[in-house]
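Visitor: I should like a close look at a single part of this structure. Please choose one strand and explain how it is placed among its neighbours.

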Amino acid sequence: MKSLIAVAALFLTIGCHQETDGARATSPAAAETTPATTEPTPAPATTTADVQTIDLKVSGGEYQPASFNVQAGKPVRLNVTRDEKPTCGDVLTIPSQNISKPIPVNQVTTIEFTPQNAGDLEFTCGMNMMKGKIVVQ
Ligand SMILES: [Cu+2]
């Protein structure tokens, strides 16, 4: 009987800790731009005065980084490299920008465009299997 009580007390203690963890509230102001799903934080672009540069890798069947932030109204330059041969990653498309570009293996392919409006731009492989997201702010 004594051990049962001890177990119950342990549960109560754990329960308390979990409540404390779950109490981390996010600010309501950020809610309208924060996606509800738990995604990795978009990587920042390297921004100079005129151009925002992202080094994008096609490797292991995915894009790295899979999402990144840029600013609207400024040119974006993607330096895309692909390190694997037979893969559908041999084409990269950004449908909203009318971009569809072959990505040869082991060389840098540059894709440039200027996003005009804030929002999420999806990019995909030629078969729409690998996906990434450009978060325009
Ligand atoms: Cu694909």
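**Strand β7 and its surroundings**

Guide: In this predicted model, Leu92 stands opposite Lys101 in β8. That pairing is a convenient point of entry, since Leu92 belongs to strand β7, which spans residues 91-94.

The side chains of β7 alternate along the strand. Leu92 and Ile94 point to one face and are buried, while Val91 and Thr93 point to the other and are not. On one side, β7 runs antiparallel to β8 (residues 99-102), and four bridges join the two strands. On another, β7 pairs with β10 (residues 119-125), again in the antiparallel sense, over two bridges. Leu92 takes part here as well: its bridge partner in β10 is Cys125. Strands of a sheet pair through backbone hydrogen bonds, either parallel or antiparallel.

The link between β7 and β8 deserves attention. The two strands form a hairpin with four residues between them. Asn98 lies in this loop, and its phi is positive, about 55°, although Asn98 is not a glycine. Most residues other than glycine have a negative phi, and most peptide bonds are trans. As for its surroundings, Asn98 is exposed, because it has 8 other C-beta atoms within 10 Å, where a residue with 12 or fewer counts as exposed.

A second asparagine can be set beside Asn98. Asn128 has a positive phi of about 65° and is likewise not a glycine. Asn128 is placed in the loop between β10 and β11 (131-136). Asn128 also counts as exposed, since it has 11 C-beta neighbours inside 10 Å.

The wider sheet can now be followed. Six strands form an open sheet in the order β1-β5-β11-β10-β7-β8, with mixed pairing. The edges are held by β1 and β8, each with a single partner strand, so one side of each is left without a neighbour in the sheet. The hairpin partner of β7 is therefore an edge strand.

Towards the other edge, the pairing is of the parallel kind. Strand β1 (residues 43-44) runs parallel to β5, and two bridges join them. Ala43 stands opposite Phe68 of β5, and Pro44 stands opposite Asn69 of β5. β5 also pairs with β11 in the parallel sense, over four bridges, and Phe68 has Ile134 as its bridge partner in β11. Like β7, β5 has two faces: Phe68 and Val70 form the covered one, whereas Ser67 and Asn69 form the uncovered one.

Just before β5 there is a further backbone feature. A cis peptide bond joins Gln64 and Pro65, with omega at about -5°. Pro65 is found in the loop between β4 (62-64) and β5 (67-70).

The buried face of β7 leads to the interior. In soluble globular proteins, nonpolar side chains tend to be buried together. The largest nonpolar core here has 15 residues, and those with the most contacts inside it are Val70, Val80 and Leu92. At least two residues of this core come from each of β3 (52-59), β5, β6 (76-82), β7 and β10. Of the strands, β6 gives the most to this core, with three residues.

Which residues does Leu92 touch, leaving aside those up to four places away in sequence? They are Val80, Lys101, Ile103, Ile111, Phe123 and Cys125. Two of these names have already appeared: Lys101 stands opposite Leu92 in β8, and Cys125 is the bridge partner of Leu92 in β10. Val80, in turn, is named with Leu92 among the core residues with the most contacts.

Beyond β8, the chain continues into the loop between β8 and β9 (109-113), where Asn106 lies. Asn106 counts as exposed, because it has 9 C-beta neighbours inside 10 Å. Asn106 and Glu84 are 22 residues apart in sequence, yet their C-alpha atoms are 8.1 Å apart in space.

Finally, the chain as a whole gives the context for β7. The protein chain has one helix and 11 strands, and the helix comes ahead of the strands when the elements are read from the N terminus. Buried residues make up 15% of the 137 residues, and Leu92 and Ile94 of β7 are among the buried. Among contacts between residues at least 6 apart in sequence, 59% join residues at least 24 apart.

Key: Residues numbered from 1 in each chain as written. Predicted model: local features only at pLDDT ≥ 70, side-chain atom pairs only at ≥ 80, totals over all residues. Buried ≥ 20, exposed ≤ 12 C-beta atoms within 10 Å, placed from the backbone. Pairing = 2+ DSSP bridges. Core = buried A, V, L, I, M, F, W, Y, C linked by C-beta atoms within 7 Å. Contact = placed C-beta atoms within 7 Å.
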